Amino acid sequence: MRHGGQILIDQLKLRGVRRVFSVPGESFLAALDGLHESGIENIVCRHEGGAAMMAEAHGKMTGTPGILFATRGPGATNASAGLHVAQQDSTPMIAFIGQIARGHKDREAFQEVDFPAFFSPLVKWAAEIRDTERLPEYIARAWNVACSGRPGPVVLSLPEDMLSASAEVPDLAPPQPAPRADYTAFAETVLKRLRGALRPLVVVGGSGWSRQAAQDLLTFAETADLPVAATFRRQDYMDNRHDNYVGDLGVGMNPALGQRLKNADLVLALGTRLSETATAGYTLLDPVSPSPRQRLIHVHPDPDELGRVHRADMVLAAPVADVLEHLAANAVPLANSRIWTSEARADYEIWQKPQPSPGALQQEHIVSWLSANLPPNAILTNGAGNYAAWLHRYFRFKRFGTQLAPTSGSMGYGLPAAISAKLEHPDRTVICMAGDGCLQMTVNELSTAAQYGAAVIVLAFNNGRYGTIRAHQERKYPGRVSGTELFVPELPALARAYGGWGATLTRNEEFPEAFAEAQAAGTLAILDLRLDPQALSPSMTLDRARALGQERNAG
């Protein structure tokens with residue numbers, strides 16, 4: 001006989017879970033008791049949103065579900081931000097949510113929420129476990145749903161009396177993996193079609209990738225001499241220094257690369273959904289009236305995704321890693337697109353040349369320095385904001401598993417993700433890049449970093465405003481500033497308050513020495529980078545945005 005909390009934790013142990021993220025609550029005390037001597041590390045966070053983002057980042061890094069525990073009512077609703085990231089980013093994740101006792105249901109008891117109804121639009125599957133004996137069954141199914149097809153988040157609601165009750169029930173061991181399919185014939189057909197293309201483009205993205213998959217992509221592209229573009233915030237799927245890498249399709253993409261997607265006569269999409277962001281609002285690859293010259297071969301693990309938005313000439317529902325293995329093994333040189341590939345790479349090199357922005361401390365300088373000086377396995381995280389455009393444009397990711405960022409565009413993600421990454425990889429350099437607004441969304445998780453010794457380095461790009469919204473505001477309502485100014489605390493003092501190290505920088509020349517000091521500190525560190533408010537994006541100043549807005553209104 002075991003209580004439900006022990007049954008639950010034993011199921012997680014069977015599946016190799018080493019770490020969970022939580023904010024404690026009385027509704028799942030039995031699960032906390034089960035964790036007590038389990039050997040599973042419980043990272044106690046300061047807010048369920050931050051805890052959910054840490055769990056999501058863990059799922060991204062490992063390819064296995066990140067595990068979250070949160071309490072009912074406000075705890076669960078706080079966690080929804082991180083679950084939305086997992087859904088849009090196709091990240092395996094399981095959230096265990098405490099719930100009121102079964103006998104109190106439908107009375108609007110204290111903190112009562114109908115969790116399957118609340119979470120169903122946000123996650124792959126949401127359910128409530130009403131019988132202690134069925135815990136192994138539900139957890140096994142949740143694991144399978146989170147990992148299969150297009151991975152994503154699952155929510156299991158745990159009534160507290162169900163969880164504390166005892167039952168005699170056998171554990172359910174995870175199933176053996178199915179034999180891998182042979183995609184040789186598919187690979188040969190793809191190569192045959194590529195041989196007839198003059199302007200092919202390989203577009204990669206989605207989840208379910210691995211270090212081996214990234215290596216197979218490089219082998220395939222190099223052997224066949226094909227240009228490879230990564231989708232939004234999936235830039236670490238191929239070494240950006242390689243001649244066949246041609247840039248990223250996302251917010252602030254190289255216009256020349258966007259035009260190449262539009263002009264391609266064959267697009268091989270591997271793992272990506274070809275989302276709104278990657279296609280510039282579905283204009284570069286039109287799902288409604290596709291160009292007869294723009295053929296599409298689409299590989300995605302979820303059969304429901306194929307044909308959902310884009311009509312393709314050839315589709316395959318399969319794990320992208322398995323398909324890439326066969327593409328790499330069967331690849332042959334294809335000389336037909338060599339000039340097209342070299343021209344695309346030349347476009348990327350031109351786009352990489354830093355364009356000066358206003359001020360004595362410039363983001364293009366900081367990012368270029370990091371790209372040239374960080375170890376190849378350094379992990380960079382970020383949330384949302386215009387500051388990320390400099391990272392996307394000027395940093396060259398060199399190894400798989402070095403970029404953690406939300407394709408959902410969620411603010412506040414960078415710091416929790418960095419903490420999760422440092423806990424998983426304590427010997428690697430982990431840098432959180434955040435705007436002053438983005439950082440303050442989850443800045444309380446500095447306490448979590450301090451408690452568990454996660455020595456992350458935070459680069460806070462500080463311009464005293466919500467810069468992305470200000471840029472939009474100036475273009476649409478020039479000079480009418482409303483709701484975008486921001487108070488920022490003394491960030492180095494805040495770092496010291498959490499036992500860390502901090503410094504304020506105002507000039508480019510100060511950065512190398514300050515960064516070395518942050519590394520040497522061996523604690524969490526914040527570099528407060530004071531920016532010129534004119535610098536809105538790599539290609540836009542405040543005055544220019546306002547002028548464009550005035551021209552637009554006058555027209």
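## Cores, a one-sided helix and a buried aspartate

Leucine 527 touches Val458, Leu459, Ala460, Trp501, Ala503, Leu505, Phe511, Ala514 and Phe515, leaving aside residues up to four places away in sequence. The model is predicted. Leu527 belongs to the largest nonpolar core, which has 82 residues. The points below cover the cores, helix H10 and Asp216.

**Nonpolar cores**
- Leu370, Ile431, Met433, Leu459, Phe511, Leu527 and Leu529 touch the most other members of the largest core.
- A second core of 40 residues is separate, and its members include Leu217, Ile297, Leu324 and Phe400.
- In soluble globular proteins, nonpolar side chains tend to be buried together.

**Helix H10**
- Helix H10 spans residues 255-263, and its Leu257, Gly258, Arg260 and Leu261 are buried.
- These buried residues line one face of the helix, because they fall within an arc of 155° when seen down the axis of H10.
- They pack against four strands and one helix: E9 (200-204), E10 (228-231), E11 (245-249), E12 (266-270) and helix H12 (338-352).
- At the start of H10, asparagine 254 brings a side-chain oxygen to within 3.0 Å of the backbone nitrogen of alanine 256.

**Aspartate 216**
- Aspartate 216 sits in helix H9, residues 211-224.
- Asp216 is buried but has no salt bridge.
- Arginine 180 is the nearest side chain of opposite charge, 6.6 Å away from Asp216.
- Leaving aside residues up to four places away in sequence, Asp216 touches Leu324, Glu325 and Ala328.
- Of these contacts, Leu324 is also one of the members of the second core.

Key
Residues are numbered from 1 along each chain as its sequence is written. This is a predicted model: local features need pLDDT of at least 70, side-chain atom pairs count only at pLDDT 80 or more; totals for chains, interfaces and linings use all residues. Side-chain values use heavy atoms; hydrogens and water are left out. A nonpolar core is a set of buried Ala, Val, Leu, Ile, Met, Phe, Trp, Tyr and Cys residues joined through side-chain atoms within 4.5 Å. Buried means under 20% relative accessible area, exposed over 50%, partly exposed in between (1.4 Å probe, protein chains only). Contact means heavy atoms within 4.5 Å. Helices (H or I, at least four residues) and strands (E, at least two) are DSSP runs, numbered from the N terminus. The arc is that of the directions from the helix axis to the C-beta atoms. A polar contact is a pair of N or O atoms within 3.5 Å; within protein, one must be able to donate a hydrogen and the other to accept it, and residues adjacent in sequence count only if both atoms are side-chain atoms. Lys and Arg count as positive and Asp and Glu as negative; His and the chain ends are not counted. A salt bridge is a side-chain nitrogen of Lys or Arg within 4 Å of a carboxyl oxygen of Asp or Glu.
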